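Work through the exercises below with the sequence and the model side by side, and try each task before reading its solution.

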Amino acid sequence: MSIAILILLVGGICIFTLPVAQFPEITPPQVQVTSVYPGASSEVVADIITTPIEKQVNGVENMMYMSSNSTNNGASSLTISFEIGTNLDIAAVEVQNRVDQAMPTLPNIVQKSGVSVTKQSTTMLAVVSLFSKQNTYDSVFMGNYADIHLYDELQRVPGVGSITIFGLKEYAMRIWLDPQKMTAMGISTELVASAISEQNKQIVAGQIGAMPLINPTSSTYQLSAKGRLKDVEEFADIIVRADGGAIVRIRDIGSVELGAQSYESNSTLNGKPATSIGIYQLPGANALNVTSGVKEAMERLSKHFPDDLNYQITFDTSEFVRISLFELVVTLLEAVGLVVLVIFIFLQSWRAAIIPVIAIPVSLIGTFAIMMAFGFSINTLTLLGLVLAIGLVVDDAIVVVENVERQLEKGDVSRREATAIGMREVTGPIIATSLVLLAVFIPASFVPGISGQLYNQFSLTIAFSVVLSTINSLSLSPALCAVLLRVKKSE
């Protein structure tokens with residue numbers, strides 16, 4: 001009985017700590033390498049950026065396959081998929097080391113802008129959309145608002161793996177040049193780019209009165225110089241060329257506006273401008289808890305939204321998970337009720353029926369502890385396995401009860417003696433039948449690939465419950481028989 005109580009306590013605690021998901025983790029973990037070569041065609045990007053990185057990354061440990069994408073806007077994307085179960089943090093570090101080896105072969109402008117190596121979560125949990133009912137704000141404003149005010153807060157929600165802002169148009173100064181004016185003045189785009197780079201940078205001016213000095217002063221003054229430019233007028237005043245007193249500024253050969261860095265992507269909601277924030281969960285995270293944390297964070301952050309900026313949860317997989325798990329729990333309770341009813345009808349004794357009934361929750365709840373030890377989650381397949389296991393975990397207990405009752409019907413023996421005699425007769429068969437059941441379900445967990453990963457938790461969950469059922473039938477059930485069954489006097 002002490003063993004049964006311990007199993008109940010440990011299993012009951014694990015129920016509240018196990019991750020909850022719709023399905024087991026069956027999608028290979030991925031790491032994505034991205035970079036940008038402004039103005040380059042897809043062929044140039046593929047030859048100069050994507051191919052050198054592919055050659056270095058190819059063959060990284062536990063890699064299954066990789067796919068790349070080079071586009072005409074100068075973007076390069078390489079996605080590496082790893083074996084299921086690979087530690088994604090270690091995989092990202094190994095990919096980063098390989099990318100560093102390819103960096104010297106990349107163009108200087110790509111090296112300056114950087115090559116990003118990020119862990120790519122494949123499980124999108126929810127999408128939060130920002131929109132303006134009165135069209136007060138455009139998608140550029142809403143995307144940047146989400147990036148500045150929401151991204152970091154949502155990233156800190158426990159269980160959130162990554163966040164993607166779809167249709168994000170980051171603020172940037174866009175300089176539109178007039179080719180005819182530039183030709184008339186003999187100014188090239190390289191000259192304009194060089195002028196912007198030289199005059200839009202942070203300058204360290206130094207100090208006055210810093211040591212060493214011939215005549216030391218009592219005070220030291222830090223000099224601050226004009227650094228990076230901030231508004232449209234300052235960019236328009238950038239001097240492109242100064243010859244003999246004739247100064248040519250950017251405003252003389254074009255115009256400047258505050259716009260977006262890229263207009264390649266867009267996001268709408270019901271045909272109106274919007275910003276969509278994709279929430280991806282960490283492997284092993286509780287989907288219900290993560291979604292709840294995201295909703296609480298959005299409710300708190302929305303109190304500081306500007307007027308006419310609203311949000312809506314437009315995609316939420318946790319609702320389906322919640323409904324599916326609820327239906328499975330209902331099915332589980334219905335199955336338990338039917339098994340109890342059948343036991344009572346055929347044993348014709350509440351004393352005899354209560355013993356298998358007690359064995360059911362001990363075996364099922366204890367299974368959650370073993371699931372946690374093996375890294376399983378509470379999902380559709382593990383709960384389905386528990387539903388099917390209900391009919392198996394009571395068999396051994398019924399065999400024990402019936403055999404002990406048979407011994408009590410033979411003559412004047414005590415419950416302890418009848419239990420001891422009955423267990424000597426059925427211990428071997430109980431172990432044998434349990435081994436047969438394990439031989440049926442355990443091999444299914446060795447199926448390779450994604451299919452094997454999918455049914456691994458299903459088959460092993462049933463196997464775990466059968467093992468606990470065997471332990472209970474050899475310990476808890478005999479103890480209950482020696483206490484609860486009625487002694488029958490022979491005539």
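**Exercise 1.** Determine which helix gives the most to the nonpolar patch on the surface.

*Solution.* Helix 11 gives the most, with 6 residues, where helices (H or I, at least four residues) and strands (E, at least two) are DSSP runs numbered from the N terminus. This is a predicted model, in which local features need pLDDT of at least 70 and side-chain atom pairs count only at pLDDT 80 or more, while totals for chains, interfaces and linings use all residues. Residues are numbered from 1 along each chain as its sequence is written, and side-chain values use heavy atoms, with hydrogens and water left out.

The members of the patch are Leu 338, Leu 341, Val 342, Phe 344, Ile 345, Phe 346, Trp 350 and Ile 354, which together have about 840 Å² of accessible area (Shrake-Rupley method, 1.4 Å probe, with only the protein chains shown counting as cover for residues). Patches take residues with over 30% relative accessible area and no salt bridge, joining like charges within 9 Å and nonpolar side chains (Val, Leu, Ile, Met, Phe, Trp, Tyr) within 5 Å. Helix 11 (317–347) and helix 12 (350–373) each supply at least two residues. Trp 350, which is placed in helix 12, is exposed because its relative accessible area is 53% (buried is under 20%, exposed over 50%, partly exposed in between, with a 1.4 Å probe and protein chains only).

**Exercise 2.** Describe how the axes of helix 11 and helix 13 cross.

*Solution.* The two axes, of helix 11 and of helix 13 (residues 380–393), come within 9 Å and cross at roughly 5°, so helix 11 is roughly parallel to helix 13. Axes are lines fitted to C-alpha atoms, for helices over the stretch in contact, with angles running from 0 to 180 degrees between N-to-C directions; angles under 35 degrees count as roughly parallel, over 145 as roughly antiparallel, 65 to 115 as roughly perpendicular and the rest as oblique. Among the residues that meet (contact: heavy atoms within 4.5 Å) are Leu 325 and Leu 328 of helix 11, with Leu 383 and Leu 386 among those of helix 13.

**Exercise 3.** Identify a residue with which Asp 316 forms a salt bridge.

*Solution.* The partner is Lys 295, with the closest N and O atoms 3.2 Å apart (a salt bridge is a side-chain nitrogen of Lys or Arg within 4 Å of a carboxyl oxygen of Asp or Glu). The pair links distant parts of the chain, since Asp 316 lies in strand 15 (residues 310–316) and Lys 295 in helix 10 (residues 287–301), 21 residues apart. Asp 316 counts as buried at 18% relative accessibility, whereas Lys 295 counts as partly exposed at 31%.
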